[in-house]
Amino acid sequence: MSSEIRIKFLGTGSILAEPQRSCTSLVIETAKEKILVDAGPGTLHRLRDINIAPHNLTYIFITHFHPDHVSDLIPILFAIRNTHFEQPVPALRVWGPRGFINFLHSMEMAYGRWLHGNDESFKFYELKRRLLDFSGFRLIWGKVIHKNESVGYRFEFNRTVITISGDTGYCSELTRLCRDADLAILECSFPDELAVEGHLSPSLAAKIANDANAKKLVLTHFYPGTVDSDPISTAEKFFEGPIDLAEDLKEYVLAP
Ligand SMILES: [Zn+2]
Ligand SMILES: [Zn+2]
């Protein structure tokens with residue numbers, strides 16, 4: 001069985017729609033797991049583009065409740081509800097930060113009882129313990145600076161580490177999550193000259209990757225114009241390792 005870990009970007013843009021970039025989402029795929037992190041608008045169709053059916057996902061982890069990160073969660077669950085299975089399939093386990101169960105109750109009020117989880121199709125969990133041991137991987141999450149509930153995720157597959165920032169400003173917690181990561185996937189909403197609080201720019205993302213001794217930095221979550229501003233040239237001044245710009249449907253393979 002292959003021990004490769006594949007990171008497949010589904011959406012790398014912002015809520016300001018661009019033709020080539022859906023909103024935030026990616027899949028981490030191993031021999032055992034298909035883990036979706038965030039589910040912005042366009043995720044359902046991008047999953048189809050890479051031939052992953054919603055019911056083939058094993059986990060979903062949500063970073064925060066802004067629509068560009070979560071609004072395709074309901075369509076993904078509805079797709080599972082409307083799929084006919086000859087054989088029972090394992091329940092999709094969906095995790096979110098503080099307030100996630102309340103968020104789901106609100107969605108259930110709007111969309112109806114079919115969304116009621118914790119049955120055979122999907123199960124919902126709210127993050128509490130900072131370190132979670134799953135079969136095949138370990139997850140550490142930390143609070144980042146964006147919305148009250150916002151978290152970043154550090155996935156550890158044996159010695160292979162992938163950190164995903166979600167939306168965040170510059171913070172030491174994210175540096176901790178990125179420590180020695182093989183892949184630090186950090187948001188880069190705006191160029192340095194247009195930087196806003198609660199989001200990273202190329203130099204801030206690169207400083208975090210440098211401070212954390214990350215092996216590779218991948219920038220994502222671009223607002224229109226950010227990619228054209230040549231964020232790599234800016235980031236290179238602060239981080240000596242390889243830097244890449246994520247694109248929808250681009251894949252990275254980590255071989256432990
Ligand atoms: Zn956000
Ligand atoms: Zn966002």
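## Donors of the first zinc ion

Along the chain, the donors of the zinc ion (ligand 1) follow the spacing H-x1-H-x79-H-x20-D, where donors are N, O and S atoms within 2.8 Å of the metal (3.2 Å for Na, K and Ca), and sites may look incomplete because water is not among the atoms. His64 lies in the loop between β4 (59-61) and α2 (67-70) and Asp167 in the loop between β10 (160-164) and α5 (172-178), so the pair ties together parts that are 103 residues apart in sequence; helices (H or I, at least four residues) and strands (E, at least two) are DSSP runs, numbered from the N terminus. This is a predicted model, in which local features need pLDDT of at least 70 and side-chain atom pairs count only at pLDDT 80 or more, while totals for chains, interfaces and linings use all residues. Residues are numbered from 1 along each chain as its sequence is written, chains are lettered from A and ligands numbered from 1 in the order in which they are written, and side-chain values use heavy atoms, with hydrogens and water left out.

The coordinating atoms are His64 (NE2), His66 (ND1), His146 (NE2) and Asp167 (OD), at 2.1 to 2.3 Å from the zinc ion (ligand 1). The angles among these four donor atoms run from 92 to 162°, and the site is irregular, the label for anything that is neither tetrahedral (four donors, all angles between 85 and 135 degrees) nor square planar (four) or octahedral (six), both of which need opposite donors over 155 degrees apart and all others between 65 and 115. His64 is buried, with a relative accessible area of 0%, and Asp167 is buried as well, at 2%; buried means under 20% relative accessible area, exposed over 50%, and partly exposed in between (1.4 Å probe, protein chains only).

## The second zinc ion and the bridge

Asp167 bridges the zinc ion (ligand 2) and the zinc ion (ligand 1), which lie 3.5 Å apart. This pairing of donors links distant parts of the chain, with Asp68 in helix α2 and Asp167 in the loop between β10 and α5, 99 residues apart; Asp68 and Asp167 are both buried.

The zinc ion (ligand 2) is coordinated at 2.1 Å by Asp68 (OD), His69 (NE2), Asp167 (OD) and His221 (NE2), with angles of 88 to 156° among the four donor atoms and an irregular site.

## Strands β5 and β6

Strand β5 (residues 92-96) pairs with β6 in the parallel sense over five bridges, pairing being assigned if DSSP finds at least two bridges between two strands. Val94 has Phe124 in β6 as its bridge partner. Along β6 (residues 122-126), Phe122, Phe124 and Glu126 point to one face and are buried, whereas Lys123 and Tyr125 point to the other and are not.
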